[in-house]
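The following exercises invite the reader to examine a structure step by step. Each task is followed by a worked solution.

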Amino acid sequence: NTVAVRDNALAAIVAYTSATGQAALTTSTYSDATVTGVSGLNVDAVNSLIAALPATAKDTAAEVQAVVNAYNKVAALADGTAGGVGSLTAIEFAALGLGIIDTPVEVSIMNAYLDVSAGSAVDSAAELSALETAVSKLAATASVTLPAATPTPGPTLADLAALGING
């Protein structure tokens, strides 16, 4: 029964947290859930993002598809060279669990960073989350007009490192 296969696959996606001992989701799981765009090349990254989301953000095929579509845009943009095609919207960042990236400045900074990043630098929920935090703090700090107080907490060394600023 096609409906049962789809429902079982979606239930597996909703339950997926990448906990120790939990089997990783496969491309077939996503396909059975009627989600397209997951391949052997991106399944680990997609699984990382799915695992980090609350169940309510991945309990329909449409929500999971939005995650996959947004991640595929990240992967296409993060080719290591400036001038990549396409950019993500605040809605797409939210689908990835990066809801802090919600202002035009934050979206612009995040897309600019992704555009020059290597794919391997942004292929997990942890990497994207660290980047999200750094971009949000950078945007908040940059928006201050002196002598106003700077945001607390401001960017940390770890935040700057997530943006590739070292030294």
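**Exercise 1. Identify which residues of α6 are buried, and state what they pack against.**

Solution. Step 1: helices are DSSP runs of H or I with at least four residues, numbered from the N terminus. The model is predicted, so local features need pLDDT of at least 70 and side-chain atom pairs count only at pLDDT 80 or more, while totals for chains, interfaces and linings use all residues. Residues are numbered from 1 along each chain as its sequence is written, and side-chain values use heavy atoms, with hydrogens and water left out.

Step 2: the buried residues of α6 (under 20% relative accessible area, 1.4 Å probe, protein chains only; exposed is over 50%, partly exposed in between) are Glu-106, Val-107, Met-110, Asn-111, Tyr-113, Leu-114 and Asp-115.

Step 3: these buried residues pack against α4 (61-77), α5 (90-95), α7 (125-142) and α8 (157-162), where contact means heavy atoms within 4.5 Å.

**Exercise 2. Describe the surroundings of Asp-115.**

Solution. Step 1: Asp-115 is found in helix α6, which covers residues 104-116.

Step 2: Asp-115 is buried but has no salt bridge, that is, no side-chain nitrogen of Lys or Arg within 4 Å of a carboxyl oxygen of Asp or Glu. The nearest side chain of opposite charge belongs to Lys-73, 13 Å away; Lys and Arg count as positive, Asp and Glu as negative, and His and the chain ends are not counted.

Step 3: the side chain of Asp-115 instead reaches the backbone nitrogen of Gly-83 at 2.7 Å. Setting aside residues up to four places away in sequence, Asp-115 touches Leu-77, Asp-79, Gly-80, Thr-81, Ala-82, Gly-83 and Gly-84.

**Exercise 3. Determine which residues have the most contacts inside the largest nonpolar core, and which element gives the most to it.**

Solution. Step 1: a nonpolar core is a set of buried Ala, Val, Leu, Ile, Met, Phe, Trp, Tyr and Cys residues joined through side-chain atoms within 4.5 Å. The largest one has 40 residues, and Tyr-30, Ile-50, Leu-96 and Leu-114 have the most contacts inside it.

Step 2: two or more residues of this core come from each of α1 (2-15), α3 (43-52), α4, α6 and α7. The most come from α4, with 7 residues.

Step 3: beyond its neighbours within four places in sequence, Ile-50 is in contact with Ile-13, Tyr-16, Leu-25, Tyr-30, Lys-58, Val-64 and Val-67.

**Exercise 4. Is Ala-142 buried or exposed?**

Solution. Ala-142 lies in helix α7. Ala-142 counts as exposed because its relative accessibility is 62%.

How values were computed:
A polar contact is a pair of N or O atoms within 3.5 Å; within protein, one must be able to donate a hydrogen and the other to accept it, and residues adjacent in sequence count only if both atoms are side-chain atoms.
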